[in-house]
Amino acid sequence: QVQLVESGGGEVQPGGSLRLSCAASGIIFSLYSMGWYRQAPGKQRELVAVITSRSVTNYADSVKGRFTISRDNTKSMVYLQMNGLKPEDTAVYYCEANNFAEYWGQGTQVTVSS
């Protein structure tokens, strides 16, 4: 049974930082590309960042230079370090695992507000 469990969300002030974590189980983690997506109220889910099985990274233009995705294959974990948070970063953040088959976590809320 595949499980992706996100943690680390919360409420921060503009300019603050958060680190999201996603713990994966039930998959051969090292073979999967891992991604972070987000969905704000009334908007479609969008890609935030992705890290391939070879640790090649790609970011949405809106987060480049502020967010960093990383992975630890020994722990089956993927992380999203978010710095310089803006109110427009407010959304539910989802972890995704992709290797032809696709799996999603339940999401974690990130709220950026003064």
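The following exercises, each with a worked solution, concern the strands, core, salt bridges and backbone angles of a predicted model.

**Exercise 1. The open sheet**

Determine the order of the strands in the open sheet of 4 strands, and state which strands form its edges.

Solution. Step one is to follow the pairing from strand to strand, which gives the order β1-β3-β8-β7, with antiparallel pairing. Step two is to look for strands that pair on one side only, and these edge strands are β1 (3-7) and β7. Step three concerns the relative orientation of the strands: with direction ignored, neighbouring strands of this sheet are turned by 15° against each other on average. Step four takes up one pair in detail, namely β7 and β8, which run antiparallel and are joined by 6 bridges. Within this pair, D72 stands opposite M77 in β8.

**Exercise 2. The partners of β9**

Find how many bridges join β9 to β11, how many join β9 to β10, and over how many bridges β4 and β9 pair.

Solution. Begin with β4, which pairs with β9 in the antiparallel sense over 7 bridges; here Q39 has V92 in β9 as its bridge partner. Continue with β11, which runs antiparallel to β9 and is joined to it by 3 bridges, with A91 standing opposite V110 in β11. Finally, take strand β10 (residues 101-104), which is also antiparallel to β9 and is joined to it by 4 bridges; the bridge partner of E96 in β10 is W104. The strands β9 and β10 form a hairpin with 1 residue between them, and the residue F100 in that turn is taken up again in the last exercise.

**Exercise 3. The nonpolar core**

Identify which residues of the largest nonpolar core touch the most other members, and which strands each supply at least two residues of this core.

Solution. The core holds 30 residues, and those touching the most other members are M34, W36, V78, L80, M82 and Y93. Turning to the strands, β3 (18-25), β4 (33-39), β5 (46-51), β7 (67-72), β8 (77-82), β9 (91-99) and β11 (108-112) each supply at least two residues of the core. As a closer look at one member, consider M34: when residues up to four places away in sequence are not counted, the contacts of M34 include L4, F29, V50, I51, I69, V78 and C95. The contacts of M34 also include R71 and E96. As background, nonpolar side chains tend to be buried together in soluble globular proteins.

**Exercise 4. Salt bridges and burial**

Work out which residues are linked in a network of salt bridges, and decide whether R38 is buried or exposed.

Solution. The count of salt bridges in the model comes to 4. In the first step, E46 and R38 are found to meet through their side chains in a salt bridge of 2.7 Å, N to O. The relative accessible area of R38 is 6%, and because buried means under 20%, R38 is buried. E46, by contrast, is partly exposed with a relative accessible area of 36%.

In the second step, R66 forms a salt bridge with D89, the closest N and O atoms being 2.7 Å apart. R66 lies in the loop between β6 (57-59) and β7 whereas D89 lies in the loop between β8 and β9, so the pair ties together parts that are 23 residues apart in sequence. R66 counts as buried at 14% relative accessibility, and D89 counts as buried at 0%.

In the third step, these residues are brought together: R38, E46, R66 and D89 are linked in a network of salt bridges. A further salt bridge is formed by the side chains of D61 and K64, at 3.1 Å, N to O. D61 is exposed, with a relative accessible area of 64%, while K64 is partly exposed at 48%.

**Exercise 5. Positive phi angles**

State where S55 is placed, and decide whether F100 is buried or exposed.

Solution. The general expectation is that most residues other than glycine have a negative phi. Against that background, S55, a residue other than glycine, has a positive phi near 65°. S55 is placed in the loop between β5 and β6, and at 42% relative accessibility S55 counts as partly exposed. F100 likewise is not a glycine, yet has a positive phi of about 70°. F100 lies in the loop between β9 and β10, and its relative accessible area of 84% makes F100 exposed.

Methods:
Residues numbered from 1 in each chain as written. Predicted model: local features only at pLDDT ≥ 70, side-chain atom pairs only at ≥ 80, totals over all residues. Heavy atoms only, no water. Core = buried A, V, L, I, M, F, W, Y, C linked by side-chain atoms within 4.5 Å. Buried < 20%, exposed > 50% of the residue type's maximum accessible area, 1.4 Å probe, protein only. Contact = heavy atoms within 4.5 Å. Pairing = 2+ DSSP bridges. Axes fitted to C-alpha atoms, helices over the stretch in contact; angles between N-to-C directions.
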